[in-house]
Amino acid sequence: MERQATAVQTALRDLPSVDRLLRAPGGDELVAGFGRGLATEALRAALDGARAALRDGGLDEAPSDTDLVAIGREWVEELLAPTLRPVINATGIIVHTNLGRAPLSEAALAAVAAVSSGYSTLEYDADEGRRGSRAVHVERLLTRLTGAEAALVVNNNAAAVLLMLSALCRDAEVIISRGQLVEIGGGFRIPDVLAQSGARLVEVGTTNRTHLRDYAAAISERTAAILVVHTSNYRIVGFTAQPEMAELAALARERGLRLLFDQGSGALLDVSAHGLAPEPTVGDGLRAGADVVAFSGDKLLGGPQAGILVGRAEAIALLARHPLARAVRADKMALAALTATLGHYLAGQPERVPVWRMIARPLDEIAAEAEAWAARLGGASGRRSWPGSRASAAAACPARRCRRDW
Ligand SMILES: *Cc1c(COP(=O)(O)O)cnc(C)c1O
């Protein structure tokens, strides 16, 4: 007992000082690579670890200086290793919020690098030689693609909805169906956003059925708008009813209200052509008569994180002038990536957008690749290969591809 305690004391005394480690081979490299402050902290952490291990019996003798420096280097490398890093998405969910949603096209990535590695015309009109607006870069593409009169891009769709309601419905009532009071994920709830905007929520109908007459009966002199929220992340099936967008547009017009549409997914093309559950497109909403349509840039649009607002010029101008617009504006990298992504649609090449390439991929091709990976991984890890493989893998795919996690 006595002798053991003495051995520990000796080992502890044998540990070098931080200064000695800083000058030891490898220690000087730590200083050169990461700075004296971080190198000192790392070596101190290595020494603390060694001290604790000697005391609790994990170590019998003091480690060499070389080992201590190596432990210090690991400590720094772990500290600086990015926790935001690439992964392979094998969930079967193409647009997965937890995994970063839409991968960008090559052209979008190149556009990001081009405008962010140097200066850019973000708010400069090169033709006129004077200050310009960051809004112009994507507006002409968005209006051409959707048929809207005007467009505005902000940081994400939650911000787009907040801005839309703040600018158009503050201190007024907004009518929404009880079947559309959705939580989108990450705790984002439509009723909470409405409250933040200063608009008052008037809920109508029931969870499964809301009729045109429910909307009509709720209209008062305090009503500013009818809000339609596309519930893309769940479905109410069975005994259901919801008026058509065109019917709501007619009602809104007749009563001098705005019809606002949170379309969410940003589908510009018909997904049902690829075997997915039908999804109203942005254009559908506008053609049916919505005054403003809000949607994400990084869901089915397949671009960068962004919130996109399209609609009547008069309404979009009110949004653009609102103080919140400045607080939630899009950055140059998002605008560059969005411009490139929209260009793929305009050029009739949606397959250049990775999300669409994946959506359009034939099921047998997906099944074959899954099989190949299952075989390789199964062999390498000694684990069972994909259960119910071969034909059933293809059969399982359509359902999995319809799942949405936003
Ligand atoms: C995803 C979604 C949002 C939120 O959009 P973000 O871009 O994630 O901020 C809002 N409304 C609907 C209907 C959505 O689907």
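Helices (DSSP runs of H or I, at least four residues) and strands (DSSP runs of E, at least two) are numbered from the N terminus. Helix axes are lines fitted to C-alpha atoms over the stretch in contact, and angles between N-to-C directions run from 0 to 180 degrees.

The structure is a predicted model, in which local features need pLDDT of at least 70 and side-chain atom pairs count only at pLDDT 80 or more, while totals for chains, interfaces and linings use all residues. Residues are numbered from 1 along each chain as its sequence is written, and side-chain values use heavy atoms, with hydrogens and water left out.

**Helices H4 and H5**

Helix H4 covers residues 36-55 and helix H5 covers residues 65-80; their axes come within 8 Å and cross at roughly 120 degrees. H4 and H5 are therefore oblique to each other. On this scale, angles under 35 degrees count as roughly parallel, over 145 as roughly antiparallel, 65 to 115 as roughly perpendicular and the rest as oblique. The crossing of H4 and H5 is right-handed, a term for a near helix that is turned clockwise from the far one by less than a right angle. Contact means heavy atoms within 4.5 Å. On the H4 side the contact includes Leu38, Glu41 and Ala42, and on the H5 side it includes Gly72, Trp75 and Val76. By class, the residues of this contact are 14 nonpolar, one polar and one charged. Here Ala, Val, Leu, Ile, Met, Phe, Trp, Tyr, Cys and Pro count as nonpolar, Asp, Glu, Lys and Arg as charged, and the others, Gly among them, as polar.

**Helix H8 and its partners**

Helix H8 (residues 157-169) packs with H13 at an angle of about 105 degrees, with the axes 9 Å apart. H8 and H13 are therefore roughly perpendicular to each other. Leu163, Met164, Ala167 and Leu168 of H8 make this contact with Ala315, Leu318 and Leu319 of H13. The residues of the contact of H8 with H13 are seven nonpolar, no polar and no charged.

H8 also packs with helix H9 (residues 190-197), at about 45 degrees and with the axes 8 Å apart. H8 is therefore oblique to H9. Their crossing is right-handed. Ala158, Val161, Leu162, Leu165 and Ser166 in H8 meet Val193, Leu194, Gln196 and Ser197 in H9. This contact of H8 with H9 has six nonpolar, three polar and no charged residues.

His322 lies in the loop between helix H13 (313-321) and helix H14 (323-327). Leaving aside neighbours within four places in sequence, His322 is in contact with Leu163, Ser166 and Ala167.

**The ligand**

There are 14 residues around the ligand (each with a heavy atom within 4 Å of it), and Arg101, Ala158, Asp262, Ser296 and Lys299 come nearest. The table gives polar contacts, meaning pairs of N or O atoms within 3.5 Å; within protein, one must be able to donate a hydrogen and the other to accept it, and residues adjacent in sequence count only if both atoms are side-chain atoms.

| Residue atom | Partner | Distance |
|---|---|---|
| Asn157, backbone N or O | ligand oxygen | 3.0 Å |
| Ala158, polar backbone atom | ligand oxygen | 2.8 Å |
| Ser296, polar side-chain atom | ligand oxygen | 2.6 Å |
| His322, side chain | Leu324, backbone nitrogen | 2.9 Å |

**Positive phi**

Most residues other than glycine have a negative phi. Arg101, in the loop between H5 and helix H6 (106-116), has a positive phi near 55 degrees. Asp171, in the loop between H8 and strand S4 (173-177), has a positive phi of about 60 degrees.
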